[in-house]
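Work through these short exercises with the structure on screen. Try each task before you read its solution.

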Amino acid sequence: MSRELYACVHATEFAAQALLRMRTDLKGEPVAIVDGPQHDASVCAMNRAAAQRGVVHGLPRMEVEALDGVKILDRSLAVEQAARTVMLEVAAQFSPRMEVVPAGVGCSIVLDVAGSELLFGPANVLATKIRDAMESVGLRVSVVLGANFHTVRLKAATHRGLCIVAMGAEAETLAHLPLKALELSFEQQEKFEMWGIRSFANLAALPESELIARLGARAREWQAMARGVASHAFQPIEADFALREVYEFDTPVEQEEGLLFIAARMLDCLVDRASTHALALASLTAELVLEGASTQSLSMHPALPSQDRKFLLKLLQMELAAHPPQAAVLAITLHAEPGKTSKVQMGLFAPQTPESSRLDITLARLKAMVGDDRVGTPVLEDSHRPGSFRVDSFQVQSAGKAHAETRERAALRRVRPPRVLEMMLADDRPGYFRDAYDSFRVTAAYGPWRTSGAWWSVDAWDQEEWDVMARDSRGQTLGFVLVHDRLRAEWRLEALLD
Amino acid sequence: MTDENYIELHASSAFSFLAAASSPESLIETAASLEMPALTITDRNGVYGAARFHTAAKRCGIKAHIGAEIAVSSFGRKLQPASWLPHIQQDEPARITLLCASQVGYQNLCQLITRFKMRETTKTEGAATLDDLAEFSDGLICLTGGDEGPLAAALAEGGTEHARKTADLLEDIYGRGNLFIELQRHQQREEEARNQTLLSMAASLQMPIVATNGVRAATPQDREVLDVLTAIRHHLTLDRAGRLLAFNSERVLQSASAMHRLFRDLPEAISNTQLISQRLQFTLDKLGYVFPHYPVPEGETMDSFLTRRVEEGVRKRYGVADKRSLLTRTRAQVQRELGLIAKLGFAGYFLIVWDVIRYCQRKGFLVQGRGSAANSVVCYALEITAVDPVGMELLFERFLNENRNEWPDIDLDLPSGSERESVIQYLYERYGQLGAAAPRRAKWAKHSALRSSRSNDSPA
């Protein structure tokens, strides 16, 4: 008993399927995919409804346009590549050993599924599961299982639906297939035609030695395939797990709705694919190809990895609102970084914090209103520059240990923006100053406290701080922090001491 | 000289390796321009810059005091920025400042450094222990340091009480009167708050205070060099060095008037710099170095033993027929050279080199003296060199000159590898590990300059 078992997954009319899996609005509509230069484009793929309207491969674009109700889309190799990656990724759920085989206008993957019965059940159940998994990412496929690699490959390319090739019934299964399935040259096909050999059954019945004497050693291989006994050295490939979806629009899109319609479907696919690996989307990057050969990139980083499609779409919408494309969009690529679908465990006595997805949307709204660099958490920088900080992305801090301040400190009221002063010095120390509101006589001055740095850059600073007590025009004594900017030769009132 | 006198007792040179910016000569020249009568070099864990510092100081008529900042593991890590401030400071042990008051103090300082450096098994700077400090404390005056010192670290870690204990500990080691609470004013708020605590602590413990400026660069302009060196030391660009860089440009040599202004409320701290300077009697002039003794037979002195060996050599070298005519001139020259060697006390040195030559000859190693030693007939007679200085009429004074006040320098060429190592081991075994050393020169090379330029993200 043979222990080999292969499953061939074949997606027919792949160029059409790759584009239509994103276009749910065209479901059931006749669609033809054309390829080639504008004036000489012809049909390279179509869906079933288009075929029923008389669309065939090679039909010129102009003739397709004459057919009533047939939608024409341009072929996109980038979209096909993305769909092929998705197909491999889904197939990898059933077996790590996969081989991509040539299949004309379709896309075929042969899986080595020997020994997988305990995981997925008998062959017919496995075939159903593979088909359903492919359908969940928008691909209609035929699935053929059998013990011979070439048998399942050849059968899948010509069969629709599911098929289990019984052990020993390989030749019988392939008997009716035409010889062109063997990818023969024109001369070879003509020779067979002349001999009256048209099907695999005819080829299988020929005497082997005479056949080889007339057509050479390759004929042995063809006959072995026709008999369902051809051997094959499996060449497995490794499927990359990259959460990436691409769509090229047939016409430039200017409306946000049109963009989001496709993006929603792409997000659905990304979330589905991530969830099959028990993952969520930790970050999302949208790359837009704009008219005029420019591009725009939008990045979204939810606080927690998420599988919530509506939330992710809302984030994308907010990002688009904050950074609207400067030209019509020709293509969109969504790239996501996977993350674990972990939940945040809050402390029992920790203060209530907003739900992370709602917080992300609020932050995105704020960024759309005031700008990216003005929303977040202020963080001190590693610098001696007084008051230097940057704005980091906002994160909810877990309740830390309360810091018990035991020392009494003078309260400092910062003046924002600092007020520029006119200063008169006495013995190189502040003596008298005035701002736009009042004038002050210094009664005591402590300092200077000096700091300087970044001398190598345009951000250089060099300043002195003075803590002064000064009497205003009404005789009231106040405490101030005054700053002397030595580079700008400017005095400023930076703070009031309570 | 101005009426106001201030002597900087805590100045690091570039021999603190990437922790200070200015060469010893530059420090001295700046001190001279500030009319400072004396200056102290206190490099980190070493006295590498002392010789150049001393020479430059003699040239400028400044008294050169020698000291060092010594890392002490027992005092915890040196002061770090507050925990809520982002920084990339690495943990380093706190350092005290030790000044050599006498020759014994200098010897103790050198032995202390040697002790803890020899203890390290990997390439680290090392740190002394309290036991080390206690063992080598004589002749040294201890300053408690600035922000790198143990009191700053103790105040931050355990408050005033911890700092008092640390000060008591240091006083037990160095003795009352030999420990000074060091105050620095670099116009920083935190530093001044620390100073006020130290002042009240010093008053309650009746310990003397002293002002220093913890100098890391000679002039404010050198602060830029200091920042670049700091970035290089931590393998960072200037933009990423953050709080590792200098807070301001105040850690430089300040004039007496500037220091008087800074410490106008503490005149005692300034006047104590002069008192300490007066106590620092040691200079490298009084090094008291003597060459290792060469063991000679009973009844012989090194000079008489050397004279015999030279006489044997002269007979061997000049006893041959074609050189006999030079014998008279040779004996006169030998007498002159031996007289000077005896006068300067270098007989032991020549005998040790002769011993090395004999060792190589016994082992069959190729060995050859070169350089100005070839001008000496004594060297030729001892088979250190192979050129006949009498026959070639070479000038002995190029090798040894009483007026130059320099030690003789005999270079020997040895085969590299195991034979050279064998000779080194022989020297270690015969004259002791502490009496023999393999010198290493620290000098800025091209690659350091390249690294320096990279610290600013600019192409090298």
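A residue is buried if 20 or more other C-beta atoms lie within 10 Å of its own, exposed if 12 or fewer, and partly exposed in between, with C-beta atoms placed from the backbone. The model is predicted: local features need pLDDT of at least 70, side-chain atom pairs need 80 or more, and totals for chains, interfaces and linings use all residues. Residues count from 1 along each chain as its sequence is written, while chains are lettered from A and ligands numbered from 1 in the order written.

**Exercise 1.** State what percentage of chain A is buried.

*Solution.* Chain A has 498 residues. Buried residues make up 31% of them.

**Exercise 2.** Find the cis peptide bonds that lead into Pro417(A) and Pro448(A), and place each proline.

*Solution.* Start with Arg416(A) and Pro417(A): their bond is cis, with omega about -10°. Pro417(A) sits in strand β15, residues 412–426. Strands (E, at least two residues) are DSSP runs numbered from the N terminus, as are helices (H or I, at least four). Next, Gly447(A) to Pro448(A) is cis, with omega near 0°. Pro448(A) lies in strand β17, residues 439–453.

**Exercise 3.** Is Leu18(B) buried, partly exposed or exposed?

*Solution.* Locate Leu18(B) in the loop between β1 (8–11) and α1 (24–33) of chain B. Its phi is positive, about 70°, although Leu18(B) is not a glycine. Count neighbours: 16 C-beta atoms fall inside 10 Å, so Leu18(B) is partly exposed.

**Exercise 4.** Repeat for Gln187(B): where is this residue found?

*Solution.* Gln187(B) is in the loop between β6 (179–183) and α6 (189–205) of chain B. Phi is near 60°, positive in a residue other than glycine. Gln187(B) has 18 other C-beta atoms within 10 Å, so it is partly exposed.
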